[in-house]
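Colleague: I'm new to this one and would like to learn how to read it. Could you walk me through a few features?

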Amino acid sequence: ADGSYSDVMFTLPDRGLNDVSGIVGTSDYRGRVHRSLLTLRPSTSTTVLPQATTLQNQLSIVPDGGFLFTDTIGANFTGRDPQTSTLVRGGITYLTPPAGDSGAGRISLDAEAIAFRPDGSFYVSDEYAAMIYYFDATGRQIGAIPSVPALVPLTGGAINFNSVNLGTVGRRNNEGLESVAIIPDGKRLVTILQSATVQDTNGANQQTRNNTRLFVYDISANATPTTPIGHYVLQLPTFTLAGNGAAVDRTAAQSEMLALNSTQFLVLSRDGIGRGSGASATNSPVFKSVLLVDIAGATNLAGTAFETSYAPIATNGVLNSTIVPAAQVQLVNLLNPVQLNRFGMKLNTAPSNSTSLSEKWEAMGLAPVLEESAAQDFFLFVGNENDFQSATGSLNGAPFNAALTGAGGTGNNDSVVLVYRLTLPTYVDPQALDSMMTSAPRVFDATRTMAAGLAGGTTNASFAWLSGVR
């Protein structure tokens with residue numbers, strides 16, 4: 001009655017904090033899902049708010065529990081870097097830290113995206129292995145979708161899934177499957193590599209990482225298929241780090257996706273500039289946008305040498321001329337200063353504060369507006385990743401201080417959610433679709449019964465009249 005909305009949000013941390021308080025490299029962080037309760041009171045005011053966090057009260061987020069992941073034998077996962085070590089279970093090769101490491105014997109997981117099925121089971125994409133894990137509703141692993149051969153990283157001819165050093169082919173270090181989504185009818189799973197494979201780029205030239213890959217899996221009969229039925233090229237935007245119009249020298253990696261229908265997707269693409277970004281923290285952000293992507297007219301590479309081997313789809317970032325990439329257009333510009341100023345947010349980061357946009361935006365969700373006059377309107381929630389940059393953090397019961405310091409800003413890098421209202425005429429709301437599929441047989445049966453009754457009544461009367469005449 002007061003115009004507010006209530007919902008539940010599930011969020012997914014990644015592999016934990018890095019290189020803080022005596023922790024060298026990654027931490028022994030147990031993968032998990034957080035549950036929060038949301039209350040949204042949309043603002044329609046155009047008044048510019050001053051930069052003060054106390055005025056940003058349109059969205060309330062209250063932690064409400066969650067659960068830890070466990071693997072097929074009931075053990076927790078670890079955030080530790082796997083390097084070259086592996087283990088095999090059920091015929092599937094998983095990554096594990098080397099012997100003697102704090103996470104040895106457990107599966108290394110750098111969780112990046114989550115997608116739920118109607119029964120509560122869900123998929124999680126992994127940045128380490130570029131594979132997808134399948135869990136039941138309690139967080140117990142019940143399967144996995146392995147990486148395609150073209151993404152397996154090699155160093156000197158040997159498999160090496162470390163997250164620090166660049167391999168010679170395969171997925172780039174620390175740039176695995178960054179997003180995952182299920183199309184509205186629940187029959188297809190879609191995932192995207194964060195940026196181009198090594199074989200499609202020119203080494204350290206970041207602007208050549210633009211040709212990444214989108215995979216489609218059929219999960220209608222088998223929840224964990226081994227090979228995709230769709231494999232497409234998505235060309236990511238490129239930009240200039242300095243933002244001065246000079247030659248491009250960076251690629252805006254993709255960090256999240258949502259499925260609108262079987263061919264169209266929202267894809268969150270961003271630069272690495274903003275609060276918490278370290279060396280480039282004093283630069284202003286250049287590109288953070290939600291793209292509308294359509295694969296309907298793109299070339300399907302599933303089953304070809306581009307997937308089953310390391311045959312490159314591009315040379316130094318230039319796409320093979322025989323391949324048609326997915327179509328795309330910018331839908332939402334997160335760097336719109338007018339929209340940000342309405343809520344006291346700012347772009348400048350020299351120095352940054354709690355109202356500055358952070359570096360990494362890696363989460364999206366859609367919720368219906370529920371207005372009969374605007375049936376195609378939805379709220380788009382866009383969330384950041386803060387890399388555990390907190391002065392009062394705790395890991396496995398031990399406190400840590402990972403607060404921001406230096407010219408880019410000081411203090412905590414808060415978790416932030418931006419909310420937009422969009423009209424999405426091609427979006428198939430999975431909840432509405434499920435309701436329709438559930439209720440349609442009942443409606444048809446009732447209609448058939450009613451029609452038969454009406455027809456029967458009319459026919460019987462006609463026969464009675466004819467009998468009388470005869």
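Modeller: Sure. Let's begin with a term: buried means under 20% relative accessible area, exposed means over 50%, and partly exposed is in between. Keep in mind that this is a predicted model.

Colleague: Okay, is Asp110 buried or exposed?

Modeller: Asp110 has a relative accessible area of 1%, so it is buried. Its salt-bridge partner is Arg15, with the side chains meeting at 3.9 Å, N to O. Arg15 counts as buried too, because its relative accessibility is 9%.

Colleague: What's the general idea behind such a pair?

Modeller: Side chains of opposite charge can pair when their charged atoms come close.

Colleague: And how many salt bridges does the structure hold?

Modeller: The structure holds 14. As for the one between Arg15 and Asp110, Arg15 lies in the loop between β1 and β2 and Asp110 in the loop between β5 and β6, so the pair ties together parts that are 95 residues apart in sequence.

Colleague: Can you show me another?

Modeller: Try Asp64 and Arg35, whose side chains meet at 2.7 Å, N to O. This pair links strand β3, which holds Asp64, to strand β2, which holds Arg35, 29 residues apart. Asp64 is partly exposed at 34%, and Arg35 is partly exposed at 29%.

Then there is the salt bridge between Glu371 and Arg421, at 3.1 Å, N to O. Glu371 sits in the loop between β24 and β25 and Arg421 in strand β28, so parts 50 residues apart in sequence are tied together. Salt bridges that share partners join Glu371, Asp377 and Arg421 into one network.

Colleague: How do I read a sheet?

Modeller: Strands of a sheet pair through backbone hydrogen bonds, either parallel or antiparallel. Here, four strands make an open sheet, in the order β18-β19-β20-β23, with antiparallel pairing.

Colleague: Which strands stand at the edges?

Modeller: β18 and β23 do; each has a single partner strand, so one side of each is left without a neighbour in the sheet. On average, neighbouring strands of this sheet are turned by 30 degrees against each other, ignoring direction. β18 pairs with β19 over six bridges, and Gln254 stands opposite Ser269 in β19.

Colleague: Where is Ser277 found?

Modeller: In the loop between β19 and β20. Ser277 is buried at 14% relative accessible area, and its side chain reaches the backbone oxygen of Gly274 at 2.7 Å. Leaving aside neighbours within four places in sequence, Ser277 is in contact with Gly272 and Glu359.

Methods. Residues are numbered from 1 along each chain as its sequence is written. This is a predicted model: local features need pLDDT of at least 70, side-chain atom pairs count only at pLDDT 80 or more; totals for chains, interfaces and linings use all residues. Side-chain values use heavy atoms; hydrogens and water are left out. Two strands pair if DSSP finds at least two bridges between them. Helices (H or I, at least four residues) and strands (E, at least two) are DSSP runs, numbered from the N terminus. Axes are lines fitted to C-alpha atoms, for helices over the stretch in contact, and angles run from 0 to 180 degrees between N-to-C directions. Buried means under 20% relative accessible area, exposed over 50%, partly exposed in between (1.4 Å probe, protein chains only). A polar contact is a pair of N or O atoms within 3.5 Å; within protein, one must be able to donate a hydrogen and the other to accept it, and residues adjacent in sequence count only if both atoms are side-chain atoms. Contact means heavy atoms within 4.5 Å. A salt bridge is a side-chain nitrogen of Lys or Arg within 4 Å of a carboxyl oxygen of Asp or Glu.
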